[in-house]
Amino acid sequence: MSHYLFIQSQDPFTETRTHHQFDLIGQLHDAGHKVAVLLVQNGVTPARRGAKSDLFDDLLRWGVTVRADQFALAQREIDHADLKDQVGVADMDLVIDAMLAGHKVIWH
Amino acid sequence: MSDTKTLTFAFMEPPFESERTVTFFRLLDAALDRGAGVRVFAYEGAVALAFARQQPHGNAVHHRDSEEEDHPLTKDWIAALQEKAGSKGIGFEWINCGLCVDERGVSDVIEGCGRGGPPDLWRYASEAHNTLTIGTR
């Protein structure tokens, strides 16, 4: 089992490639790997409560750990209370800690 | 012998274009906060991040002069990270891809940023505790 952290900067509403990115994340999770996602930049937009993205919501439903960058949230005036229940809040420290722990960190 | 872990970052985004640049610099800052050494291999448009002749400007639409506008320059962000790393006694290295520099005519870079090529990225990645590549897409 490997540890993966995906830095998700692209959003499913404007970037069609996120379909394949979310597929990859889901497949690694299905394969038994420990997978986490940090949403950054416009990547935070599907985390807003009420945002409709089946692919993103599947990741939450399957139990993939998803965090949203608090800086990106603040830039977009998204409060923590506006996030879907399964989405936590994090900072860049999450990425650095994963890199220092030897996890596979991948930019999307 | 130092037990500082070094992280390598490969970045290709030009300055003043994308939110990725801000995220990238936040990552470097967070790495230094964690006490990690940092090595950057800048290629393609990212070689202009360290261009020494970047200039701040005013904003006539907002009736602000250069000082009021306080336009951020990436060369200053790099210098600030160099200073931060120095104050912590940890490494901060920056190499620009020489071919990319020549194509863009941005060889005049701030002190502390070097010139190299893909073998340096290989060396940086091989010697690093971990490496993150940030593509433009």
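**Exercise 1. Is Glu44(B) buried, exposed or in between? Work it out from its C-beta neighbours.**

Step 1: count the neighbours. Glu44(B) has 17 other C-beta atoms within 10 Å. Keep in mind that this is a predicted model.

Step 2: compare with the cut-offs. A residue is buried with 20 or more such neighbours and exposed with 12 or fewer. Glu44(B) therefore counts as partly exposed.

Step 3: place the residue. Glu44(B) sits in the loop between S2 and H2 of chain B.

Step 4: check the backbone. Phi of Glu44(B) is near 50°, which is positive even though the residue is not a glycine. For background, most residues other than glycine have a negative phi.

**Exercise 2. Which class, buried or exposed, fits His63(B)?**

Step 1: find the residue. Look in the loop between S2 and H2 of chain B, and you'll come across His63(B).

Step 2: count again. His63(B) has 8 other C-beta atoms within 10 Å, so this residue is exposed.

Step 3: look at phi. His63(B) isn't a glycine, yet its phi is positive, at about 55°.

**Exercise 3. Describe the surroundings of Asn59(B).**

Step 1: locate it. Asn59(B) lies in the loop between strand S2 (37-42) and helix H2 (66-69) of chain B.

Step 2: classify it. There are 12 C-beta neighbours inside 10 Å. Since 12 or fewer is the cut-off for exposed, Asn59(B) counts as exposed.

Step 3: list its contacts. Leaving out residues up to four places away in sequence, Asn59(B) touches Arg64(B) and Glu69(B).

Step 4: try a distance. Ala80(B) is 21 residues from Asn59(B) in sequence, and their C-alpha atoms are 24 Å apart in space.

**Exercise 4. Do the same for Asp79(A): where is it, and is it buried or exposed?**

Step 1: find the loop. Asp79(A) belongs to the one between helix H3 (70-75) and strand S4 (87-90) of chain A.

Step 2: count neighbours. With 9 other C-beta atoms within 10 Å, Asp79(A) is exposed.

Step 3: pick a partner for a distance. Ala68(A) is eleven residues away along the chain, and the two C-alpha atoms are separated by 11 Å.

**Exercise 5. How do helices H1 and H2 of chain A pack against each other?**

Step 1: get the geometry. The axes of H1 (residues 18-30) and H2 (residues 54-62) of chain A come within 9 Å and cross at roughly 15°.

Step 2: turn the angle into a word. Angles under 35 degrees count as roughly parallel, so H1(A) and H2(A) are roughly parallel to each other.

Step 3: add the handedness. H1(A) passes H2(A) in a left-handed crossing.

Step 4: name the residues that meet. H1(A) brings His19(A), Phe22(A), Ile25(A), Gly26(A) and His29(A). Facing them from H2(A) are Leu55(A), Phe56(A), Asp58(A), Leu59(A) and Trp62(A).

Step 5: sort them by class. This helix contact has six nonpolar, three polar and one charged residues.

**Exercise 6. How are chain A and chain B built up?**

Step 1: start with chain A. Chain A has four helices and five strands, and along the sequence they run β-α-β-α-β-α-β-α-β.

Step 2: move to chain B. Here you'll find five helices and five strands, in the order β-α-β-α-α-β-α-β-α-β.

Step 3: check how compact chain B is. Its radius of gyration is 15 Å, close to the 14 Å that the globule rule gives for 137 residues, so chain B is as compact as a globular protein of that length.

Step 4: check chain A. A compact globule of 108 residues would have a radius of gyration near 13 Å, and the 13 Å of chain A agrees.

Step 5: note the buried share. Of the 108 residues of chain A, 40% count as buried; for the 137 residues of chain B, the figure is 34%.

Step 6: get the box sizes. Along the principal axes, the C-alpha atoms fill roughly 35 × 25 × 25 Å in chain A and roughly 55 × 35 × 30 Å in chain B.

**Exercise 7. How many residues does each chain give to the contact between chains A and B, and which element of chain B gives the most?**

Step 1: count by chain. Chain B supplies 17 residues and chain A supplies 13.

Step 2: find the elements. On the side of chain B that touches chain A, helix H1 (19-33) and strand S5 (130-134) are the ones giving two or more residues.

Step 3: pick the top contributor. That's H1(B), with seven residues.

Step 4: sort by class. The chain B side divides into seven nonpolar, five polar and five charged residues.

Technical notes: Residues are numbered from 1 along each chain as its sequence is written. Chains are lettered from A and ligands numbered from 1 in the order in which they are written. This is a predicted model: local features need pLDDT of at least 70, side-chain atom pairs count only at pLDDT 80 or more; totals for chains, interfaces and linings use all residues. Axes are lines fitted to C-alpha atoms, for helices over the stretch in contact, and angles run from 0 to 180 degrees between N-to-C directions. Angles under 35 degrees count as roughly parallel, over 145 as roughly antiparallel, 65 to 115 as roughly perpendicular and the rest as oblique. A crossing is left-handed if the near helix is turned anticlockwise from the far one by less than a right angle, and right-handed if clockwise. Two residues are in contact if their C-beta atoms, placed from the backbone, lie within 7 Å. Ala, Val, Leu, Ile, Met, Phe, Trp, Tyr, Cys and Pro count as nonpolar, Asp, Glu, Lys and Arg as charged, and the others, Gly among them, as polar. The radius of gyration is taken over C-alpha atoms; the globule rule is 2.2 Å times the number of residues to the power 0.38.
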